[in-house]
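Student: Could you pick one spot in this predicted model that deserves a close look, and walk me through it slowly? Once that is clear, I'd love to hear how other parts of the chain compare under the same kind of inspection.

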Amino acid sequence: MAFSMRQKVLFKHCDPAGIVFYPRYFEMMNDCVEAFFDHIGHPFEELHAKAAVPTAQIETTFTAPSHHGDMLDIRLGCTRIGTSSLGIAWHASADGETRFTASATLVHVGQDGRPLPWPAPLRDTLELHLEGAD
């Protein structure tokens with residue numbers, strides 16, 4: 001996968017049993033997307049000034065619990081790019097054990113909420129990060 005982010009499991013991520021409350025994983029995934037866009041030189045604060053990239057579809061499999069203090073390695077890869085959509089996949093692990101996998105479709109939308117083609121410079125950059133791209 002093209003991009004990796006480390007995330008320590010904090011107290012705020014956990015339920016009273018000390019394991020990650022599953023909605024917090026979705027926040028971590030979104031943080032990873034935002035960090036990825038920063039990494040490729042298209043920060044969200046600039047992109048979101050004129051448009052947005054909401055999640056249109058997401059599918060997640062939770063394979064093992066994460067506990068307060070665990071260090072997650074969250075990897076993100078771009079799987080496909082359309083006119084206004086982007087397929088992404090995540091794989092999160094700690095100490096070599098998979099904690100969750102997920103796939104999603106993001107859609108580039110204008111201020112009216114309607115799909116908008118990716119701007120050429122951003123599309124070109126995203127194409128460089130497609131899995132299997134040279």
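**A close look at D95 and beyond**

Tutor: Let's start with D95, which sits in the loop joining strand 5 (85-94) to strand 6 (97-107). Please keep in mind that the model is predicted. What is the sign of phi at D95? The angle is positive, about 50°, even though D95 is not a glycine. For background, most residues other than glycine have a negative phi. As for its surroundings, D95 has a relative accessible area of 79%, and since over 50% counts as exposed, D95 is exposed.

Now go to another loop, the one between strand 3 and strand 4 (71-81), where you will find S66. Is S66 buried or exposed? Its relative accessible area is 1%, so S66 is buried. Setting aside residues up to four places away in sequence, S66 touches V9, G18, I19, V20, Y25, L72 and R99. I40 makes a useful reference point for S66: the two are 26 residues apart in sequence, and their C-alpha atoms lie 29 Å apart in space.

One of those contacts, L72, takes us to strand 1 (residues 3-8). Q7 is part of that strand, and L72 is among the residues in contact with Q7. The others, once neighbours within four places in sequence are left aside, are H13, M28, D70, M71 and I74. With a relative accessible area of 14%, Q7 falls under the 20% limit and is therefore buried.

S4 also belongs to strand 1, and its relative accessibility of 41% makes S4 partly exposed. Beyond its neighbours up to four places away, S4 touches D73, I74 and R75. I74 is thus a contact of S4, just as I74 is a contact of Q7. A C-alpha distance tells a related story: S4 and L76 are 72 residues apart along the chain, with 6.2 Å between their C-alpha atoms.

Strand 1 brings us to the rings. A search of the whole structure gives 8 aromatic pairs. In one of them, the ring centres of F3 and F36 are 5.9 Å apart with the planes at 65°, which makes the pair edge-to-face. Because F3 is in strand 1 and F36 is in helix 1 (residues 22-39), the pair ties together parts separated by 33 residues in sequence. F3 is buried, at 10% relative accessible area, and F36 is buried as well, at 1%. Y22 and F62 make another edge-to-face pair, with 6.2 Å from centre to centre and 65° between the planes. Here Y22 comes from helix 1 and F62 from strand 3 (residues 55-62), so this pair connects parts 40 residues apart in sequence. F62 is partly exposed, at 38% relative accessibility. Ring pairs also join F21, Y22, Y25, F26, F62 and F100 into a cluster. Y25, a member of that cluster, is one of the residues that S66 touches.

What about the cysteines? The whole structure contains 0 disulfides. For C14, the nearest cysteine sulfur belongs to C32 and is 19 Å away; a disulfide needs the sulfurs within 2.5 Å, so C14 is in none. C14 is buried, with a relative accessible area of 16%. C32 is in no disulfide either, and its nearest cysteine sulfur, that of C78, lies 10 Å away. At 0% relative accessibility, C32 is also classed as buried.

Last stop, the largest pocket. How big is it? Its volume is about 190 Å³. The lining is made of G41, H42, P43, E46, L47, K50, A51, H108, P119, P121 and L122. Both helix 2 (44-47) and helix 3 (120-128) supply at least two lining residues each. Sorted by class, the lining has 6 nonpolar, 3 polar and 2 charged residues.

To return to where we began: D95 is exposed in its loop, at 79%, whereas S66 is buried in its own, at 1%. That contrast is a good one to look at first on your screen.

Note on methods. Residues are numbered from 1 along each chain as its sequence is written. This is a predicted model: local features need pLDDT of at least 70, side-chain atom pairs count only at pLDDT 80 or more; totals for chains, interfaces and linings use all residues. Side-chain values use heavy atoms; hydrogens and water are left out. Helices (H or I, at least four residues) and strands (E, at least two) are DSSP runs, numbered from the N terminus. Buried means under 20% relative accessible area, exposed over 50%, partly exposed in between (1.4 Å probe, protein chains only). Contact means heavy atoms within 4.5 Å. On a 1 Å grid over the protein atoms alone, a cavity is a set of points where a 1.4 Å probe fits but cannot get out, and a pocket is an open set with protein on both sides within 12 Å along at least five of seven lines; lining residues have an atom within 4 Å of a point. Grid points are joined across faces, edges and corners, and a volume is the space filled by probe spheres set on the points. Ala, Val, Leu, Ile, Met, Phe, Trp, Tyr, Cys and Pro count as nonpolar, Asp, Glu, Lys and Arg as charged, and the others, Gly among them, as polar. Rings of Phe, Tyr and Trp (its six-membered ring) pair if their centres lie within 6.5 Å; planes under 30 degrees apart count as stacked, over 60 as edge-to-face and the rest as tilted.
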